[in-house]
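Okay, thanks for coming, everyone. I'd like to walk you through a structure that most of you haven't met yet, so have a look at it first and then we'll go piece by piece.

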Protein chains: 2
Amino acid sequence: MSARSAPLPPLDGIRIVEIGHFIAAPFASRILGDLGAEIIKIEPPGGDPVRSWGAQANGASLWWSVHGRNKRSVVVDLKQPEGIEAVGRIIARSDALIENLRPGGLARLGFDHERLQDLRPGLIVAHVSGYGQTGPTRDRAAFGVIGEAIGGLRYLTDHPPGTTDLPPPRVGISIGDSIAGLYAAIGVLAGLVRRNHRALQGTQNDGICTVDVALTEAVLSLMEGIVTEYGALGLVRQPVGSRIASAAPSNAYASADGRRVIIAANSDLLYQRLMKLIGREDLAARPELQNNAGRLDHADEIDAAISAFSCRFDARQLAAILVEADIPSTLIYTAADIADDPQFRDRGMVREVSDPRHGTLLHPGIVPHFPECPGAIRNTGPEAGQDTDAVLSGIAGYSMDEIDQLRKQGVIA
Amino acid sequence: MSARSAPLPPLDGIRIVEIGHFIAAPFASRILGDLGAEIIKIEPPGGDPVRSWGAQANGASLWWSVHGRNKRSVVVDLKQPEGIEAVGRIIARSDALIENLRPGGLARLGFDHERLQDLRPGLIVAHVSGYGQTGPTRDRAAFGVIGEAIGGLRYLTDHPPGTTDLPPPRVGISIGDSIAGLYAAIGVLAGLVRRNHRALQGTQNDGICTVDVALTEAVLSLMEGIVTEYGALGLVRQPVGSRIASAAPSNAYASADGRRVIIAANSDLLYQRLMKLIGREDLAARPELQNNAGRLDHADEIDAAISAFSCRFDARQLAAILVEADIPSTLIYTAADIADDPQFRDRGMVREVSDPRHGTLLHPGIVPHFPECPGAIRNTGPEAGQDTDAVLSGIAGYSMDEIDQLRKQGVIA
């Protein structure tokens, strides 16, 4: 060992089984896989339907290349007892299990907590669902749009009441599922910290460690003080459109070429600087606009003055003028702007990745970044069942004859 | 020890120092504190400005009760060498440090990585910033609104191009900061897993473990396949307003009392069920609407039919009818609906908490939920400096005389 080996990513040596579909649970395991965990995705014959979501190229989804990256795919029919047996043997050699079946679904398959504890004492089991594993509405069907609305996000993502008859827009991505996935990743990691901490202290392993993440609750947890303010004051937080509620000026201003530029000049100093830039020394000097409260009261007037300036320039030109003047601001980025951004490129947050099916693709990078021991993209989204044989022989201890037999019976693919 | 002691929360025994302000870093440590970690928040004289944000009662912010919960507050002047010495002694007894100064700010204070490694070999150091610790734009001022726009979230949270002249609304909370905070929490936990894993294997501690989280990148990491689709196909993902891009019908429909109800009947089965409920057997039977692609082509017509039904009922009545018919749906919840929700109450996700300043308050619960070893709300947001003496004597090893002297010098408060 004379050569210095590359540093291992932070979760090297951790093995996680995913019995997940669609977004929330698979997103949790993607994040953990990006940081070096081995992810074994158990899929039904035909594979997770999410494999075909989004825009297609070369007969395959492009999103799947990202959503499935750093995973190994094992196709098993969980309706057959031999399939349950095979997955049990994989679980027995793993650190954690992440699943997003309906509540109770994992137990109905045969993997109740007692069985899981028998298979792997101290296993961390993360359940992700719409409403949680308990409570009066746990069995209701949950879609992301519903969880986002119950968690309080949708109401606040809108123009102020009375501004328009248009319905409140969605955040244009599966934000509720993704946030639930991040909390599930936090839960798995906290469970691992607990287990290792106890092991280092010589404390006995005390059984399965369950993590119960609800989409509705994951969203609610980001809602700042709105529940507390309602409880104490009867205050119902209202949407504020494209401004921010507590400071001005901050808005999305139109440019000559029909785009929008965010300008956040919401401090005394930045306000002065911006008013001088746009040639409105009169507004810079007005006594009632010297503090934030006064500017909030006159936000319409200030925004009109900024818009009269912004609409004289194309967006890129405007953005350059604002950067030059050291005023916090940016174009509202599209996918094209993201792909071209020098900072994202410099930090590997937009990177070229080789995908066996697609050739070179752009992938988003690995978050969070560990400079001393970075995560890596070991593989892009695998074909369904690509790793069935390797996992069954290498981890679950099946012989090649047994694997052939299981395949003939239609238990694996 | 005859009585069985209450189970300890998962992160019991972990100590984390926060040199944070506003939202992102403090949110990360709130999440870790909720799960049982001891959080020592270092604040400047006067305290973190976020303490006064949001609606006030009893002369204090209500949000702070939540945002500062499960933390200990130590007020130290980091501009004085004795203040740096004191914080260094706390760091020497801690597992991790989370900070969100400008990039390089921590090192300028005196805490470069070499010093931190001397203080606490193997310390996990999470830096949270707008653009990251490296790269051409790392020094630019970053506000949440800017990070959300650069990460791609703002562009997609809008009505389709041409629908309205209104600017794209913000998500009405500090979503970019919160997401960055979740990734920082993931980073700290992954670092702890790595450290413990190495300790269990007998591998030598190998120095500081840095976590570098950028707000822009945290947002980008949720953007599904948009960068990949752009790179391969030149496709620029567009906002779709209140629908979802890939399935119909799913929208926010108006009720008679001027509210909105989400209905997600975007499967073949649910579509049939909904059309029968609203008395539109004709639409249920139409051949071209039997699959999702056809329904997407005719989404306007289907939505008009659903709206003609929805606007005949008050929102709560409509929601009850839809639940009865087993169609995924919900009112769009305000803070008031969240506070009253039986599921949230049943699971402790809206709970009453005693706050020394405010009396009984509603707090959001602890996410993720660990049923066997739940987190708890040990204390609400502390007064600035409330724990200075206890931490300096109990953790940093100062005598009461030394503490008195530091206070007289204005080093601590």
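Let's start with a pair of helices: H1(A) passes H8(A) in a right-handed crossing. Who makes the contact? From H1(A) we have Ala24(A), Phe27(A), Ala28(A), Ile31(A) and Leu32(A). From H8(A) there's a longish list, including Ala180(A), Gly181(A), Leu182(A), Val188(A) and Leu189(A). Sort the residues of that contact by class and you get 11 nonpolar, two polar and one charged. The two axes come within 7 Å, and the crossing is at roughly 50°. Angles from 35 up to 65 degrees count as oblique, so H1(A) and H8(A) are oblique to each other.

Before I go on, keep in mind that this is a predicted model.

Now, what does H1 of chain A sit on? Look for the open sheet in chain A: six strands in the order E5-E2-E1-E6-E7-E8, paired in parallel. At the edges you find E5 (71-75) and E8 (209-214) of chain A, each with a partner on one side only. On average, neighbouring strands in this sheet are turned by 20° against each other, direction ignored. And here's our helix again: H1(A), residues 24-34, packs on that sheet and touches strands E1, E2, E5, E6 and E7 of chain A. Its direction makes about 145° with that of E6(A).

Let me zoom in on one pair in there. E6 (residues 96-99) and E7 (residues 124-129) of chain A run parallel and are joined by four bridges. If you want one spot to click on, take Leu97(A), whose bridge partner in E7(A) is Val125(A). As a reminder for anyone colouring side chains, in a regular strand they alternate between the two faces of the sheet.

Next, the meeting of the two chains. How do H8(A) and H8(B) cross, left-handed or right-handed? H8(A) passes H8(B) in a left-handed crossing. Their axes come within 9 Å and cross at roughly 25°. Angles under 35 degrees count as roughly parallel, so that's what H8(A) and H8(B) are. By class, this contact has 24 nonpolar residues, four polar ones and no charged ones.

Let's step back to the layout of chain A. The domain assignment gives domain 1 as 15-222 plus 346-408, and domain 2 as 250-254 plus 260-331. The C-alpha centres of these two domains of chain A lie 44 Å apart.

One more helix pair, and it's in chain A too: H11 (residues 268-277) and H14 (residues 299-310) pack at an angle of about 45°, with axes 10 Å apart. H11(A) and H14(A) are therefore oblique to each other. The crossing of H11(A) past H14(A) is left-handed. Tyr271(A), Leu274(A), Met275(A) and Leu277(A) come from H11(A), and they meet Ile302(A), Ile306(A) and Phe309(A) of H14(A). That contact divides into seven nonpolar residues, no polar and no charged.

Over to chain B for some strands. There's an open sheet of three, E9-E10-E11, with antiparallel pairing. E9 (250-254) and E11 (329-331) of chain B are the edge strands. E10 (residues 260-264) of chain B pairs with E11(B) over three bridges, and Ile263(B) stands opposite Ser329(B) there. Also in chain B, E12 (350-355) and E13 (359-364) pair antiparallel over six bridges. A hairpin through three residues joins E12(B) to E13(B), and Arg351(B) stands opposite His363(B).

Last bit: the backbone oddities. Most residues other than glycine have a negative phi, and most peptide bonds are trans. So where should you look for exceptions? Val367(A) and Pro368(A) are joined by a cis peptide bond, with omega about 0°, and Pro368(A) lies in the loop between E13 and H18 of chain A. In chain B, the bond between Ala248(B) and Pro249(B) is cis, with omega about -5°; Pro249(B) is in the loop between H10 and E9 of chain B.

For positive phi, try Asn58(A), near 50°, in the loop between E3 and E4 of chain A. Then there's Phe22(B), at about 65°, in the loop between E1 and H1 of chain B.

That's the tour, so over to you for questions.

Key. Residues numbered from 1 in each chain as written. Chains lettered and ligands numbered in written order. Predicted model: local features only at pLDDT ≥ 70, side-chain atom pairs only at ≥ 80, totals over all residues. Heavy atoms only, no water. Domains from an automatic or database assignment. Pairing = 2+ DSSP bridges. Helix = DSSP H or I, 4+ residues; strand = E, 2+ residues; numbered from the N terminus. Axes fitted to C-alpha atoms, helices over the stretch in contact; angles between N-to-C directions. Contact = heavy atoms within 4.5 Å. Parallel < 35°, antiparallel > 145°, perpendicular 65-115°, else oblique. Left-handed = near helix turned anticlockwise from the far one by under 90°. Nonpolar A, V, L, I, M, F, W, Y, C, P; charged D, E, K, R; others polar.
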